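Student: Could you take me slowly through one part of this structure, namely its salt bridges and what surrounds them? I am new to it and would like a connected account.

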Amino acid sequence: MVCTDGGLSSYENRKNDSVGDRSFITVQSLKKLKQHLQDWALDSAGWHVAGSDEEYDISTLDSKKYYETLFYKERWDPTPMSTGETLEQRIIVTFSFKYREYLSYVRDRQVTRAAALLAKGQGATSKKKSPNDAKRYIKAEYVTPDGELAQTTSYSLNQEMIDQEARFDGFYALCTDMHDPAPAIMDHRERVPHLQDRL
């Protein structure tokens, strides 16, 4: 069995790790899912907890009561490959109020740093894609409100990006070709520290 983070989770690698007695568990970016799968993943209904047959709507739950609870949902998704083949893989999405609070806290600190940079006149946006770079929340505008080319560049907080990222707070996804029960799949993270830290 191969366990990997997003850096090695291309469909080609998954296909290579899904032959014979081999299987894979890999991180799946929710932001990169097709829209219908993303809508399903973020839907508040249809969640389960290991050891229970009850179905939950996380939007109706007391976050303090369920703070330590790990919810999950799953579905199989046949993914067309560039070779014309189809990769049968299972998407397992988890949600945690604790993880939601953590991501919100981290983002709030980054937004605060970005606002401080703007206040100091250091508005240059970052070309990096690092999730730890506060400058990614700074946007540059090169036109006037009338649509004309501006002589100077205006910098401000990118509220649209902040709101978009907040939609994914608390959610995390894995992909696998294994048929084991979802809780058992999730337990494999115990053997992979960099996956465990995110769940």
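Tutor: Contact here means heavy atoms within 4.5 Å. With that in hand, and keeping in mind that this is a predicted model, we can begin at Q38, which is found in helix 2, residues 35–42. Leaving aside its neighbours within four places in sequence, Q38 is in contact with L30, K31, L33, R167 and F168. Because residues under 20% relative accessible area are called buried, Q38 counts as buried at 6%.

One of those contacts, K31, leads to the charged pairs, for K31, R136 and E165 are linked in a network of salt bridges. Within this network, R136 forms a salt bridge with E165, and the closest N and O atoms are 2.5 Å apart. R136 lies in the loop between helix 3 and strand 6 (138–143), while E165 lies in helix 4, so the pair ties together parts of the chain that are 29 residues apart in sequence. Both partners are buried, R136 with a relative accessibility of 17% and E165 with a relative accessible area of 15%.

The structure holds 5 salt bridges, and another of them joins R107 to D169, again with 2.5 Å between the closest N and O atoms. This pair links distant parts of the chain, since R107 sits in helix 3 (residues 97–119) and D169 in the loop between helix 4 (159–166) and strand 8, 62 residues apart. R107 counts as buried at 8% relative accessibility, and D169 counts as buried at 7%.

A further salt bridge brings together the side chains of E74 and R90, at 2.5 Å from N to O. Here E74 belongs to strand 4 (residues 71–80) and R90 to strand 5, and the two are 16 residues apart. E74 is partly exposed, with a relative accessible area of 34%, whereas R90 is buried, with a relative accessible area of 3%.

L30, named above as a contact of Q38, also takes us to the nonpolar side of the picture. The largest nonpolar core has 23 residues, and L30, W47, I58, F71, V93 and F171 are those with the most contacts inside it. Helix 2, strand 5 (86–95) and strand 8 (171–176) are the elements that give two or more residues to this core. Apart from it lies another core, of 11 residues, among them V27, Y72, L174 and M186.

Notes:
Residues are numbered from 1 along each chain as its sequence is written. This is a predicted model: local features need pLDDT of at least 70, side-chain atom pairs count only at pLDDT 80 or more; totals for chains, interfaces and linings use all residues. Side-chain values use heavy atoms; hydrogens and water are left out. Helices (H or I, at least four residues) and strands (E, at least two) are DSSP runs, numbered from the N terminus. Buried means under 20% relative accessible area, exposed over 50%, partly exposed in between (1.4 Å probe, protein chains only). A nonpolar core is a set of buried Ala, Val, Leu, Ile, Met, Phe, Trp, Tyr and Cys residues joined through side-chain atoms within 4.5 Å. A salt bridge is a side-chain nitrogen of Lys or Arg within 4 Å of a carboxyl oxygen of Asp or Glu.
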